[in-house]
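I opened the notebook to record a few lookups in this model, moving from helix packing to single residues and then to the backbone. Each entry says what I looked up and what I found.

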Amino acid sequence: ISNSSVNAFPLLLLAGSSEAHLASKGAFQELDAVSFLTPHTKSAYRPATLDAVSDSIHNAYRSAYYGRPGPSFVDLPANIIQGVESSSSTHGRAGLVPSPPKSSAEETALFRVAQLLKTAKSPLIVIGKGAAYARASESIGSLVTQSQIPFLPTPMGKGIIPDSHPLNTASARSTALREADIVLLLGARLNWILHFGAPPKWNPSAKFIQIDISADELGKNAADPALALHGDIATVIPQLQAHLSTWSYKPESSPYTSRLLAAKEKNLATAAKKAADPGLPMTHSSALSAIERTLHSISPPDDGRIVYVSEGANTMDISRSIFPVSHPRLRLDAGTHATMGVGMGYAIAAHIAYNGIGAAPGEAAINVSEAVGKPGRKKIVCLEGDSAFGFSAMEVETMARYGMDILIFVINNGGVYHGDADDEGRWKELQDATLGSGDSSKGEKGLRSTSLSFGTR
């Protein structure tokens, strides 16, 4: 529930409870879940009758889906679950919840923002996962093409515009943040991921323009509510383009752009050197780069046939720059909460969303190259740190039970962030010290509580 709320993911939670007529009597596993979860969800319902279930679920879906997405809860007492419909039962509202209404921004605010953007010497567009959820890739691509403003995708904003786009500043992130003077935030929040919009990571004089569906988000941290545009991103951006008219930034003549390009070249060269490291054990960069080359030789990023799920401290951070994506909603990571253990669940959800449950009847699970040949089908690839994988590894059984052909790579980096030893002998010495059977004269402290194995770098 917390993960859904913080990430603005729509979630419908259904749970059972003890019989309604036994409330306050100490029934089996009795808990007033509605009162407990009401402060943490957008809505919480307990239908009083079987006929009311349909309306409760319909309302919960709508609440989770409309406005800023989040979790909704429906509590189903045992007497409702075990109830039998009467011949006169009605089902309330049926059918799909319609798409949320799309709101536009105020014209005066649009004019003010457009005038400010035209004065920028070092502009930057930050693209967040809210823009991916809003299905705004077409309008954002049009804005970048028209305005020629460099852009920076957040981890799950990658692919809204292809990572290969020349105006992508992801490889020069620190330089872009340090120098940007006018920043347009598209479905991105000034939280810890973006350093709250504060120095020293950001230019102290930077002005932030927010476009967000949630009015509560406008003006947070370093943002100025007077510069905010409240509305649906896909609707507001064409409005903003109309106010910008023929104006565009001139990156080819900007010292800011030159510094971004220099930083990109330097950082890409450093990354290429790390990827080519021939040493053993392999580093994160060399191992992940080998995986990337193999997968993309089968299915290039432009095909959009691979969904990446990544979690784990170093594994997630390093893989973000190694695996480019060219289409939106093809990358999931630990998200705003940075929660470890969500990867296997994300992978199952992605498989169901793109491929349905399991293989077709009588059909064996397929590999990456076969996935490329099936229209609409996508291969789900998990890049897992060893500790992150350990949190929910048993979900592999769920994948197997439902015939889900999910490909999982587990990076053995010896625990959280790093291992304690590069060889088996040294690791065993530390293990002996941990167990109290080692040579106490050496003063060994033993293994860290987060250490898993040896043979890593």
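**Buried side chains**

I began with E179, which lies in helix 8 (residues 173-179), in what is a predicted model. I asked whether E179 is buried or exposed. With a relative accessible area of 17%, E179 falls under the 20% cut-off, and I therefore entered E179 as buried. I then looked up its partners: the side chain of E179 makes a polar contact with the side chain of R259, at 2.7 Å. Leaving out residues up to four places away in sequence, I noted that E179 touches S122, N203, Y256 and R259.

My next lookup was N59, a residue of helix 3 (residues 53-65). N59 has a relative accessibility of 16% and so counts as buried. I also took one distance from N59, to I213: these two residues are 154 apart in sequence, and their C-alpha atoms are 20 Å apart in space.

**Helix 9 and its two partners**

How do the axes of helix 7 and helix 9 cross? I found that the axes of helix 7 (residues 137-147) and helix 9 (residues 233-244) come within 9 Å and cross at roughly 20°. I therefore wrote the two helices down as roughly parallel to each other, and I recorded that helix 7 passes helix 9 in a left-handed crossing. On the helix 7 side I listed S139, I140, S142, L143 and Q146, which meet I233, A234, I237, P238, Q241 and L244 in helix 9. Sorted by class, this contact of helix 7 with helix 9 has seven nonpolar residues, four polar ones and no charged ones.

I then turned to helix 5 (residues 107-118), whose axis comes within 9 Å of that of helix 9, the two crossing at roughly 60°. That angle makes helix 5 oblique to helix 9, and the crossing of helix 5 and helix 9 is right-handed. From helix 5 the contact is made by E107, L110, F111, V113, A114, L117 and K118, and from helix 9 by V236, Q239, L240, H243 and L244. By class, I entered eight nonpolar, two polar and two charged residues for the contact of helix 5 with helix 9. I noted that L244 of helix 9 appears in the list for helix 7 and also in the list for helix 5.

**Backbone entries**

For the backbone I kept in mind that most residues other than glycine have a negative phi, and that most peptide bonds are trans.

Which residue pairs are joined by a cis peptide bond? One such bond joins P199 and P200, with omega about 10°, and P200 has its place in the loop between strand 6 (182-186) and strand 7 (207-212). Another joins L280 and P281, with omega about -5°, and I placed P281 in the loop between helix 10 (255-275) and helix 11 (284-298).

I looked up positive phi values as well. S24 is not a glycine, yet its phi is positive at about 70°; S24 lies in the loop between strand 1 (11-17) and helix 2 (33-37) and is exposed, with a relative accessible area of 71%. S245, also not a glycine, has a positive phi of about 55°. I found S245 in the loop between helix 9 and helix 10, where S245 is partly exposed, at a relative accessible area of 45%.

Note on methods: Residues are numbered from 1 along each chain as its sequence is written. This is a predicted model: local features need pLDDT of at least 70, side-chain atom pairs count only at pLDDT 80 or more; totals for chains, interfaces and linings use all residues. Side-chain values use heavy atoms; hydrogens and water are left out. Axes are lines fitted to C-alpha atoms, for helices over the stretch in contact, and angles run from 0 to 180 degrees between N-to-C directions. Helices (H or I, at least four residues) and strands (E, at least two) are DSSP runs, numbered from the N terminus. Angles under 35 degrees count as roughly parallel, over 145 as roughly antiparallel, 65 to 115 as roughly perpendicular and the rest as oblique. A crossing is left-handed if the near helix is turned anticlockwise from the far one by less than a right angle, and right-handed if clockwise. Contact means heavy atoms within 4.5 Å. Ala, Val, Leu, Ile, Met, Phe, Trp, Tyr, Cys and Pro count as nonpolar, Asp, Glu, Lys and Arg as charged, and the others, Gly among them, as polar. Buried means under 20% relative accessible area, exposed over 50%, partly exposed in between (1.4 Å probe, protein chains only). A polar contact is a pair of N or O atoms within 3.5 Å; within protein, one must be able to donate a hydrogen and the other to accept it, and residues adjacent in sequence count only if both atoms are side-chain atoms.
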